[in-house]
Amino acid sequence: MEHMARALELADLARGRTSPNPAVGAVVVRDGRVVGEGYTQPPGGPHAEIVALRQAGELARGATLYTTLEPCCHHGRTPPCAEAIVAAGVAEVRIAILDPNPKVQGGGCQALEAGGVRVRVGERADEAREQIEDFTKYVLTGRPLVVAKWAMSLDGKIATRTGDSKWITGEPARELAHELRDAYGAIVVGVNTVLLDDPQLTVRLPPEKVRRPARLQPWRVVVDSRGRTPLGARLLGPELAGRTIVATTAAATAAWRREIRALGAHDMVLPDRDGVVDLEALLDALGQMEITGVLVEGGGTLFGSLFEARLVDKVCAFVAPNKILGGAGAPSPVGGPGAPVVTSAWQLRDVRIERVGEDLLVVGYPSYLSWQSCASCSPRLSSSPPRDCGVHGDS
């Protein structure tokens, strides 16, 4: 396997369990042979480069290190990786992308070059950039990446007119949906989804794909402005409540909030905007918890509010092209007032379509984004020519 591709594969093993650090993979190669591999460990543990260097030992001297992200050059929970690479005697470092963190942004490369290490940047940059997009959003804005995920029929329905939604997509798509859950620090739903579906919001994967112990399940976040979450909801059960947050407002009664806390869950009282939870305040609060990415799974009211506020960063829509549900009263994914005319619709860019079993996965990014475009237009982040970011013009 090509070495940077292997580094990306290793980085994927760390996704969802390194916040607030990025998921990074590293490979040490000497004389054409892999002598060390590693990926970022949970916060406080070694970064990918350090794990790979330790495995390589003395064989790192004169070797080439492949890493998906520029090695850090500052002291955080751990010492700078760039210093360790120089000390190990590595001859060359090949980096997919530079670090968007303002504390680094090329400083790691400068430290390596000052230590006599050759540096090359840009190999498989697009894949590496997508792999750490949650970290990029977080480090540039202090808020988590917001990924909107839903499954719908060919005619755009997420359930039948009676509310039945099991199962619109097939098993491969449902498994991939759980892999998405596994990649983010929190899963967010509106209270109507809890009332209608009573979900657990846990990662459930085949045994060979399980990499996260139960105590490290993603946070479950319910947006519940008036305190309507039933105390018997499954996500408030004894094994799940400790990782559940109910985001509410002062409209929820003190008695209900006490009961939520008594079950072991966390009540997060936030400011309201027009009588409902201020979603920007929610994202700020989750960012303060060092959650770098959230997967929003509905329902339509919450999606509508997020799109209206331009808070969605990425869309992952599963489509079952072999199912047409029909029904004037059957719900669609995104509620709210919606676009009055087609020309005012929210536009997605960089859209790609993947086949998942009998279903399709549509991935795209709202064109209103500014943080991501600015990161993309920075020449420090890619060896390819910078693009027009839509904010700074043709950089």
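What share of the contacts in the protein chain with a separation of 6 or more comes from residues 24 or more positions apart? Some notes on that and the rest, keeping in mind that this is a predicted model.

1. Contacts first. Residues 24 or more positions apart supply 71% of the contacts with a separation of 6 or more in the protein chain.

2. Overall build: the protein chain holds 12 helices and 16 strands. Its radius of gyration is 22 Å, close to the 21 Å the globule rule gives for 395 residues, so the chain is as compact as a globular protein of that length. If you want box dimensions, the C-alpha trace spans about 65 × 50 × 40 Å along its principal axes.

3. Inside and outside. Of the 395 residues in the protein chain, 51% are buried. The accessible surface of the chain adds up to about 17800 Å², and carbon and sulfur atoms own 52% of that.

4. Charges: there are 44 positive and 46 negative ones in the protein chain, and the mean positions of the two sets lie 3 Å apart.

5. A local spot to look at is helix α4, residues 107-114. Gly-107, Gly-108, Cys-109 and Leu-112 are buried there. As a reminder, an α-helix has 3.6 residues a turn, so residues three or four places apart point the same way.

6. What do the buried residues of α4 pack against? They pack against one helix, α3 (81-87), plus the strands β4 (92-97) and β5 (118-121).

7. Just past that helix, check the backbone: α4 is followed by Gly-116, which has a positive phi, near 85°.

Note on methods
Residues are numbered from 1 along each chain as its sequence is written. This is a predicted model: local features need pLDDT of at least 70, side-chain atom pairs count only at pLDDT 80 or more; totals for chains, interfaces and linings use all residues. Side-chain values use heavy atoms; hydrogens and water are left out. Buried means under 20% relative accessible area, exposed over 50%, partly exposed in between (1.4 Å probe, protein chains only). Helices (H or I, at least four residues) and strands (E, at least two) are DSSP runs, numbered from the N terminus. Contact means heavy atoms within 4.5 Å. The radius of gyration is taken over C-alpha atoms; the globule rule is 2.2 Å times the number of residues to the power 0.38. Accessible areas come from the Shrake-Rupley method with a 1.4 Å probe; for residues, only the protein chains shown count as cover. Lys and Arg count as positive and Asp and Glu as negative; His and the chain ends are not counted. The place of a charge is taken as NZ of Lys, CZ of Arg, CG of Asp or CD of Glu.
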